[in-house]
Amino acid sequence: MPTNQMPRAKAKSKTLTDFLSPLREADPELSGLVRKELSRQRHTVELIASENFASRAALEAASSVLTNKYAEGYPDARYYGGCEVVDEIEILAIERCKELFGAEHVNVQAHSGSTANQAVYFSELALGDGLMAMKLDHGGHLTHGLKVNFSGRFYNFHTYGLDRETGRLDYEGIERLAKEHRPRLIVAGASAYPRTIDFERFAEIAHSVGARLMVDMAHIAGLVAAGMHPDPVEVSEYVTTTTHKTLAGPRSGVILCKKEFAKGIDKAIFPGLQGGPLMHVVAAKAACFKLAMTGEFKDRQRQTVANAARLAERLQAGGISLVSGGTDNHLMLADLTNIGLTGIEAETRLEDVGITVNKNSVPYDELPPTITSGIRLGTPAVTTRGFREHEMDVVAEIILSVLCGKTTAADVKRLRRRTDELLAGFPLYPHL
């Protein structure tokens, strides 16, 4: 055998070995970082309202061989061969989502909630058309018209907000704004609004001025599925959501709409905005929707709301001011002005004792979004982990100790130990 063939044979053998090696062997550096993040999650009280822990089934589906399959197009109308199995998977996800929310049409291919929102705009509007949505600093979302976001750059947004005194949606003001600007589309839904949203009232306002209604229910989708929040699907033309917040699924998006808008939505996603769908994530969505139809899931959503109410009650009793005076759902927005802290200061202090929150603007905030006057807190992740009212009392005590008093380095260590002791009773992903 010629000597020049020997290196090629060895190289082939080595390549195969590398290809079949587990992550811990193939890339110890990356594997170590993944394990480090798992440890961080295990040893943190996660109170970021937009985060949750995906089910083991969703994690397994998302890390499956389905990541290998390109499936551009839709079931029975793909642009690639070999899609017979992924067709079944996508249809399964669609049918489960339709059953879960009572939707006439569902598109499960959106890569994210932002893409889902973009698809509705792309389907319904021409560039420069007028919309109405909630101000970002009052609890809205980047894709609801922020000037540096695609939504604010491509479309003409008029924003509504909260009543200064009550901290709640001002429906009369929204109606006046709608009559003044007569938008093509009104967007309801928020990322930091702690109260029940009256979708029927939004629909009345929209239809009275000839507009259509889109509801972004990304934060409350799990609550809606469990009957813990009014359902927007019946009263609105379009509903968008993520699947990783209260739904506890993979990081992705979904669009629900009336049948008459189905063709436009599907065309907006593909070929309008995306190529092939992420079939491993679509499979994870299917797993998520199945679990969301169980009694266990519904019980968890009820407990999520109960936990939020308990935390809100304890924080207010300890001197923390909450926007609107409390919560109806899974989150609350704390205005720290009266205790002399900024949002970034509070976020940093709480992280030192093992509690994760995010700084957040409050309505009529005078500080920039990089600093903020508030923090947002939510209970989906800790509820998934098993926390109930007693644990929320402990969490509230730690938060109040950190934010409302002077803490020494010794105090921080003591409170961190208390957090660790609390978390020890609620192991996360013990199979990993």
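**Rings and cysteines**

Student: Is Phe202 buried or exposed?
Tutor: This is a predicted model, where local features need pLDDT of at least 70, side-chain atom pairs count only at pLDDT 80 or more, and totals for chains, interfaces and linings use all residues. Residues are numbered from 1 along each chain as its sequence is written, and side-chain values use heavy atoms, leaving out hydrogens and water. Phe202 has 0% relative accessibility (under 20% is buried, over 50% exposed, partly exposed in between; 1.4 Å probe, protein chains only), so Phe202 counts as buried.

Student: What kind of pair do Tyr171 and Phe202 form?
Tutor: Rings of Phe, Tyr and Trp (its six-membered ring) pair with centres within 6.5 Å; planes under 30 degrees apart are stacked, over 60 edge-to-face, the rest tilted. Tyr171, at 17% relative accessibility, is buried, and the pair links distant parts of the chain, 31 residues apart. With centres 5.6 Å apart and planes at 75 degrees, the pair is edge-to-face.

Student: Nice! How many aromatic pairs does the structure hold?
Tutor: Ring pairs also join Tyr121, Phe150, Phe154, Tyr155 and Phe157 into a cluster. The total for the structure is 13.

Student: Which cysteine has the sulfur closest to that of Cys97, and why is there no bond?
Tutor: Cys97 is buried, at 0% relative accessible area. A disulfide needs two cysteine sulfur atoms within 2.5 Å, and the structure holds zero disulfides. At 8.6 Å the closest cysteine sulfur is too far for a bond, and it belongs to Cys288.

Key. Helices (H or I, at least four residues) and strands (E, at least two) are DSSP runs, numbered from the N terminus.
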